[in-house]
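Hello,

Here is the structure I promised to pass on to you. Have a look at it first, and then read on for what turned up in it.

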Amino acid sequence: MRLSEIAAVVHAKNDVSNWSNIEVNSFQFDSRLIKSGGFFVPLSGNDDGHKYIKKAYEMGALASFCQPDKLNLVPDNFPVVVVDDPLKAFQTLASFWVKKVNPKVIAITGSNGKTTTKDIVASILKNNYRVHETQSSFNNEIGVPFTILSMPEDTEYLVLEMGMDRAGQLDELSNIAHPDIAVITMIGEAHIEFFKTRDRIADAKMEITNHLSNNGTFIFNGDEPLLLKRANKFANEYTFGHINDNYISAKNIHLDYQNYITTFQTNLTDNNVFKLPLMGTYNVDNALPGILIGLLAGIKVEDIKSKLNNLSLTKNRTELLKGQKGETILSDVYNSNPTAVIDVLNVFSNMQTNGKRIVVLGDMLELGDDAVALHSNLSNYLNPQLIDEVYLIGTYIKNLSDILKEKFDPEKIHYYLNDNLDSLANSLKDSITGDDLILLKASHGLHLEKILANLIGD
């Protein structure tokens, strides 16, 4: 984009005519990652991004946004577009870019499964189309516009993951992207600290449909009564799930624990068997919207099957890895909530191993007043006949430790406070063998990725 175009879109408060022909090739809010020819967006959070305009300039940025009261931080002769709120300008520019490129936009949210569903949808569409998708965890009011402004001009499908931790957030994100297809994977307990009830979580998730394009499509989990109650608002609605009444439903699900593969069929695809390199019926739920969107986009069933069979997922989402000693690690360290933990424990407890099954769980955050009770309830899914040892870390999870010591040999239950992550990692590493199977699961704030790095040697 040329600087004159950027200035016009965001209603700049200064005259950029002297720099109007400058053309930027990328946008970045982290001055350390700016590329030559890029445009810097100074955001204010724990730190004021304006302090890094000079650094961005030195890294090769051609221009930057700047608030009127921060112009003293701008190097001499460095082009700036003056705006009151750089984040709002960033979002406005992203909305403009979506309209200019005009891809078909798919927006995906849900308490669980949104990243895996995004990965599956994007993978299937790449068979036939030029696709741009959310990378890493860029799913909030900064990440969504960043993803959009990273989109090449020839993009045909834009697949956006949208997260939320407050009411109104998905409305804002939907208003930036104006999706053609909105997907809600499920309603769980994530963020119940802020919303108090699952009903309110469902209301907040439905905001993703607020700015659905004319004749847009809404795809949602038809096994969830809270979504069924809120549907019937759009001409094009499709449900997925396990109940036969859904538009696309799964059947003949088989979990191959030895090979870590889930196979299933659907009512829409005759006798075709889909193979997922993932375990669990919940991952079938994540695959169904991808299959449906692929079919709606005219992709052949055989091509969809091939993409599912060779799926590549975003890092730190239910990865099956090998540790330095040869141990097998089922790592899901990005996020956690009760539904997700129960699902992965059911899978893990049935996976094949010649050694011990060792569970490492950390606190599930943002559960509010019910946090201790919801952690304690996990004891019902930790079976001493199937699980050999349990390592726990956090504050809310302490009560679970006390309960498990009544079910297990107390020496097999290990509890650590939040600041003892290194002690947990070292104790775990000393006790495991190459035959063992290890599960890592916690909210990202517990930083179990550090334990993973310790085990695999990163």
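Helix α4 and helix α10 cross in a right-handed way. In this predicted model, α4 covers residues 114–125 and α10 covers residues 281–296, and their axes come within 8 Å at a crossing angle of roughly 30 degrees. On the α4 side, the residues that meet α10 are T116, T117, I120, V121, I124 and L125. Facing them from α10 are N283, N286, A287, P289, G290, I291, I293 and G294. By class, this contact has eight nonpolar and six polar residues, and no charged ones.

If you stay with α10, you will come to a second partner. Helix α11 (residues 301–309) has an axis that comes within 10 Å of the axis of α10, and the two cross at roughly 145 degrees. This crossing, too, is right-handed. I291, G294 and L295 of α10 touch V301, I304 and L308 of α11. Five of the residues in this contact are nonpolar and one is polar, with no charged residue. You may like to look at I291 and G294 in particular: both are in the contact with α4, and both are in the contact with α11.

There is another helix pair further along the chain. Helix α15 (residues 421–431) and helix α16 (residues 449–456) have axes that come within 10 Å and cross at roughly 35 degrees, and the crossing is right-handed. From α15, the residues L421, L424, A425, N426, L428 and K429 take part, and they meet K450, I451, N454 and L455 of α16. Here the classes are six nonpolar, two polar and two charged.

Now for the loops, where two asparagines deserve a look. Most residues other than glycine have a negative phi. N77 has a positive phi of about 65 degrees, although it is not a glycine. You will find N77 in the loop that runs between β3 (63–66) and β4 (80–82). Is N77 buried or exposed? Its relative accessibility is 74%, so N77 counts as exposed.

The other asparagine is N102, again not a glycine, with a positive phi of about 60 degrees. N102 sits in the loop between α3 (86–101) and β5 (104–109). N102 counts as exposed because its relative accessibility is 61%, and the cut-off for exposed is over 50%.

Next to N102 in the numbering is V101, at the end of α3 (86–101). Which residue has its C-alpha atom 7.1 Å from that of V101, although the two are 53 residues apart along the chain? That residue is D154, which lies in the loop between α5 (143–149) and β7 (157–161). D154 has a relative accessibility of 42%, so it counts as partly exposed.

Last, a word on a pocket. The second largest pocket holds about 290 Å³ of space. Its lining is made up of 14 residues, and those nearest its centre are F29, L43, D47, G49 and Y52. The lining as a whole is mixed in class, with five nonpolar, five polar and four charged residues. Charged residues are thus present in the lining of this pocket, whereas the contacts of α10 with α4 and with α11 have none.

Enjoy exploring it, and do write back with any questions.

Best wishes

Notes. Residues numbered from 1 in each chain as written. Predicted model: local features only at pLDDT ≥ 70, side-chain atom pairs only at ≥ 80, totals over all residues. Heavy atoms only, no water. 1 Å grid on protein atoms, 1.4 Å probe; cavity = no way out; pocket = protein on both sides within 12 Å on 5 of 7 lines; lining within 4 Å. Points joined across faces, edges and corners; volume = space filled by probe spheres on them. Nonpolar A, V, L, I, M, F, W, Y, C, P; charged D, E, K, R; others polar. Axes fitted to C-alpha atoms, helices over the stretch in contact; angles between N-to-C directions. Helix = DSSP H or I, 4+ residues; strand = E, 2+ residues; numbered from the N terminus. Left-handed = near helix turned anticlockwise from the far one by under 90°. Contact = heavy atoms within 4.5 Å. Buried < 20%, exposed > 50% of the residue type's maximum accessible area, 1.4 Å probe, protein only.
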